[in-house]
Amino acid sequence: MNDPLLEIRNLQIDGESDEIWHEIIKGIDLHLDRGEVLGLIGESGAGKSTLGLAAMNFCRPGCRIREGSIRFDDQELTEQSELTLRKLRGVRIAYVAQSAAASFNPAHQLIDQFSEIPVVHGVKSRREAEKDAKDLYGRVLLPDPDGIGYRYPHQVSGGQLQRAMTAMALSCRPDLIIFDEPTTALDVTTQIEVLTTIRDIVREFNTAAIYISHDLAVVAQMADRIMVLRYGELVEEATTREMMSSPKMEYTKSLWAVRSFKKEAETVASAMSPVVKVDNVTAGYGSEDILKEVSFEIHRGQTVAIVGESGSGKSTAARVITGLLPPRLGDIQLNGKILPKSFKARNKEQLRHVQMIYQMADTALNPRQRIRNIIGRPLSFYLGLTGKQKEARIRELLSLIELEPDLYIDRFPDELSGGQKQRVSIARALAAEPEFIICDEVTSALDQLVAEGILRLLDRLQREFNLAYMFITHDLATVKAIADNVVVMLQGKIVEQGSKTEIFSPPHHDYTELLLSSVPEMDPDWLNELIAHREKHGVMSSTSIS
Amino acid sequence: MNKILLMILQRFGLGLLTLFVVSIIIFVGVEFLPGDIAEALLGQGASPENVAALRHELGLDRPAHTRYIDWWAGVLQGDLGTSLANRRDIAELITFRLSNTLFLALTAAAISVPLALLFGILAALYRNSLYDRSVNVVTLGAVSAPEFLTAYVLILYFSVKLGWFPSLSNIDQDTSFIDKLHQVALPAITLMGVILAYMMRMVRASIINLLASAYIEMAHLKGMPKFRVIVKHALPNAWAPIANIIAISLAYLVVGVVVVEVVFIYPGLGQLMVDSVSNRDIPVVQACSMIFAGTYILLNLTADIVSICTNPRLLHPK
Amino acid sequence: MSSNDISPPKAQVNRPRRTRLQNAFREILKAPITAKFGMLVILTYGFVAIFAPFLTPYSETEIVGPEFDVWGNEFILGTDGLGRDMLTRLLFGARNTVGIAFITTLLAFVIGGIMGLLSAIYTGWFDQVASRVVDVLMAIPQLIFALMLLTIFGTSIPILIIVIATLDATRIFRVTRAVSLNVVVLDYFEAARLRGERIFWLCIREILPNITAPLLAEFGLRFCFVFLMIAALSFLGLGIQPPTADWGSMVRENAVLITYGDITPILPAIAIAILTLGVNFLVDWFLHKSSGLKDGH
């Protein structure tokens, strides 16, 4: 095929906020052939979704297409009427949203929402559509394909909804499907299944696709060609293999950042007693136990990574240690002494030594307090510092976290970027001069480069102050980067724990094996090999292991 | 289905419980009256024997909880007691008045609700257009005006200057339906002014909120025509909030009715209540309060039940 | 200085930092005409309310002329049913009606606000009890309840203020509780709690600064409601009692003039409507600004 399916030239899109228009897409060219899969990579705010939606000449409210040409199958979309565009959408170009749960109408059955596309567009009759739906549901490997369509969205799990949405996108056999971060909200182990389904089905129907994601490893599995976006501009474009083996731009290389960060020489775990010991803790809300007989310990100067997927209990463990959730059985020890179960019963000294840094920097800092006060409060509250002493210490801490004191001390959180806010959170924890800090998914909401910076900072501070870290995360790349010891959790129980080298080298517990192998590698053949391996050994999903 | 039935029964029970508690408040509140009703009625100069006699006649010498139980017993049999002001049977007094108030309220509601829905939805669809912005200003104006302002302005123009409608409502048992409508026109329009504005604003806000949902965007991306998106995708999810809005507005109506009846000297429950309050006719005040409170509770209960019955998570449990 | 995350997104670096006062001033200048109308109205009424005694030709309750005199040179808006000057009564009405409504709303906010804050923090039996009590109190329509309580306790001004404030506090309780709960679930609140901060600090320094916007808007709305309610009660003869000049009762007292086609009795009612409208416009604009959404209210 010579003529491309989609040809975008010099596209410029503006977005409005606070009654000012600024550029979101700054002149991008995009080219897609029939049956080709193009990956769009970029950090949040890079403009990937906006670009994807522009392929059908759709703009979200608050955005407008200022200039550029969008040619789909030789039709100039920017010149078409709304009616023509409407006829195109769903039929020849389809969209699979990021959150299937929010994008399905809660009031209608899945099959109704499937059928309405071909029926309303006059492509199929109702009966034909329903038959096709069941067939497609089977092809995307949904359980009970004949019956699942009659369920309502809230009765179906997230991963299944995502696949149902993919099936729905195929209802009129479109020429192009836009996948907008379809697996971002899913667990790593569920992600595999959905990725495989999407890839197979796109190949089967020879549909062209635009696959949007912030995860390069995932896109490497799915796409033939990749475009890297940043701040609305194209950074690099190449075929998948080329980009994976020899990326050209600095920025592209930085996307490997976290994976390439290696902690400096492992600190020897001291034979002294641990700072924090979790002793046979069972805890939960009401009658249900979320944590079951969990035990581990953390020493000074050491980082213990708690890994697990959603529902594993890792966040609950943090709540128990901080005293927000008193355990039903077992206890928490700080430097050998048992801590009161509830934080309300602990004294200032005990509270001081257990600090926490949160995942979302936006909600971790009080937006109505200046940086000076956010960092200053623990200083006055715990250490009784005032006046000049306090001021000096605040500046010291700001320097420690690599923020220029004069510039930032009087700012409000909303004047800082995500990475900067996270640094302030770290400073706030440090201000109390604790022995132990819980890092709850602190880099999960950050972009690769920024995350790497935070990890480096945490590492340096650990060595300087001999801090003990409990690092909660679901991302194995992060674990490889910063952990000394690893605790793997599944459904409230510890499945395996030990030093990093122990955990990452076989033999493994089955679940650890599943978890480790489910993390996408930067190798285009990874998914294929994984599927082949799993089919051979009969391992398919995390629900089969308990 | 069972879960729904259970929830409805629960709500119903809660409603009854609330009514009970309200009745206690209403009854007990009276106990706090400084001085004695009998004394207050007969005046300062009355002789102790007369006061005692009246007290006995009114049953005030019995303990409070006995009186409370007797009162409920009476209510359940349809006997609401006797008015202190004119010794008439309260139930008889109220029935006529209540039907008038209901007639007025329902007339106003019957016209306002569909109009509010229509205009509110249109305003939401054509957000920020000239239509929408003028609707915003006009409804704010209507909501800001006290009922008696609207009432008197209407009287001034339509009654005094143009003579189309009467300014005082002259209704009795025998007035014909058409005649009633004529008498009720100005009061009803006054009520409608506020309710309509109130409802329109809330419907508009609620629909706008709904239209921002991800599944609405998805419907557009599937190429669904605008009309279908509104009717098939938005509306089924709008019943709960809309029912809520209607219930709240009707509850507001219950209160607005009082002022309107006073202005137009309309023989309804509201006017009765105001008169009784001025006369300190306690039994009547109690009875009227119970009816108003009961209606209010009933309306909120209905809104709750509609919410339950239109929630797909409850209709189709996992 | 190290890695790339130091530089914030471009938009922020370029914007010059202004003081809060400067920002507020710019916002006011940019406001739509309805909001400006609102501000003007509030300022005017406030002025009149405060300086009433100096602005009026006669005194509030003095009988100065014939009954129901027409508009003329001596009495600009004529006289009322007892021979008192209408203009004077109208201006004093601003002080009385608006003043009492304002104090009532303030009191309601103190009661409802504190209860709402505490309820959000002490979720548990305190919250349960408070919420149930409020549910029951709100189950009775406010006007009816007010009428009842006024029957029982009498209609002196302090009683009026306390009764209405208590009834309105229920709504404010709900709103404060709702917005406070939104803050309580955020991480920074949890961090403060874990630090060991006491209830006073948590309320004043963590929650309150973050809920001022919705509460201010609510203040405006509740003021309108309280204002209208007091006017309605006075109109019914059960609120502010004569001879105090009050807009609600003034309408009632002079209503008979309407049958003669005279609009004088409606003037106090129009005064009520204009203030309420002004406040509503202002609150509307405020909500629009603070919600910061791309579209609509």
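What pattern does chain C follow when read along the sequence? The answer is α-α-α-α-α-α-α-α-α-α-α, and the count agrees with what you can see in the structure: chain C has 11 helices and zero strands. Keep in mind as you look around that this is a predicted model.

**Chain C as a whole**

Some overall values for chain C help to build a picture.

| Property of chain C | Value |
|---|---|
| Span of the C-alpha trace along its principal axes | about 85 × 50 × 35 Å |
| Exposed area | about 13600 Å² |
| Distance between the mean positions of positive and negative charges | 14 Å |

Chain C has 297 residues, and 52% of them count as buried. Carbon and sulfur atoms supply 69% of the area that chain C exposes. As for charge, the chain carries 23 positive and 22 negative charges. Now consider contacts between residues at least 6 apart in sequence: in chain C, 68% of these join residues at least 24 apart.

**Where chain C meets chain B**

How many residues does each chain bring to the contact? Chain B gives 49 residues and chain C gives 44 residues. The size of an interface is often given as the accessible area lost when the parts come together. For chain B and chain C, that buried area is about 3800 Å², with carbon and sulfur atoms giving 79% of it. On the chain B side, B:Ser144, B:Phe148 and B:Tyr152 lose the most area to chain C, together 16% of what that side buries.

Charged side chains meet here too. The rule finds one salt bridge across this interface. C:Asp284 forms a salt bridge with B:Arg201, and their closest N and O atoms are 3.4 Å apart.

Definitions and conventions: Residues are numbered from 1 along each chain as its sequence is written. Chains are lettered from A and ligands numbered from 1 in the order in which they are written. This is a predicted model: local features need pLDDT of at least 70, side-chain atom pairs count only at pLDDT 80 or more; totals for chains, interfaces and linings use all residues. Side-chain values use heavy atoms; hydrogens and water are left out. Helices (H or I, at least four residues) and strands (E, at least two) are DSSP runs, numbered from the N terminus. Buried means under 20% relative accessible area, exposed over 50%, partly exposed in between (1.4 Å probe, protein chains only). Contact means heavy atoms within 4.5 Å. Accessible areas come from the Shrake-Rupley method with a 1.4 Å probe; for residues, only the protein chains shown count as cover. Lys and Arg count as positive and Asp and Glu as negative; His and the chain ends are not counted. The place of a charge is taken as NZ of Lys, CZ of Arg, CG of Asp or CD of Glu. Buried area is the accessible area (1.4 Å probe) that two parts lose on being put together, summed over both. A salt bridge is a side-chain nitrogen of Lys or Arg within 4 Å of a carboxyl oxygen of Asp or Glu.
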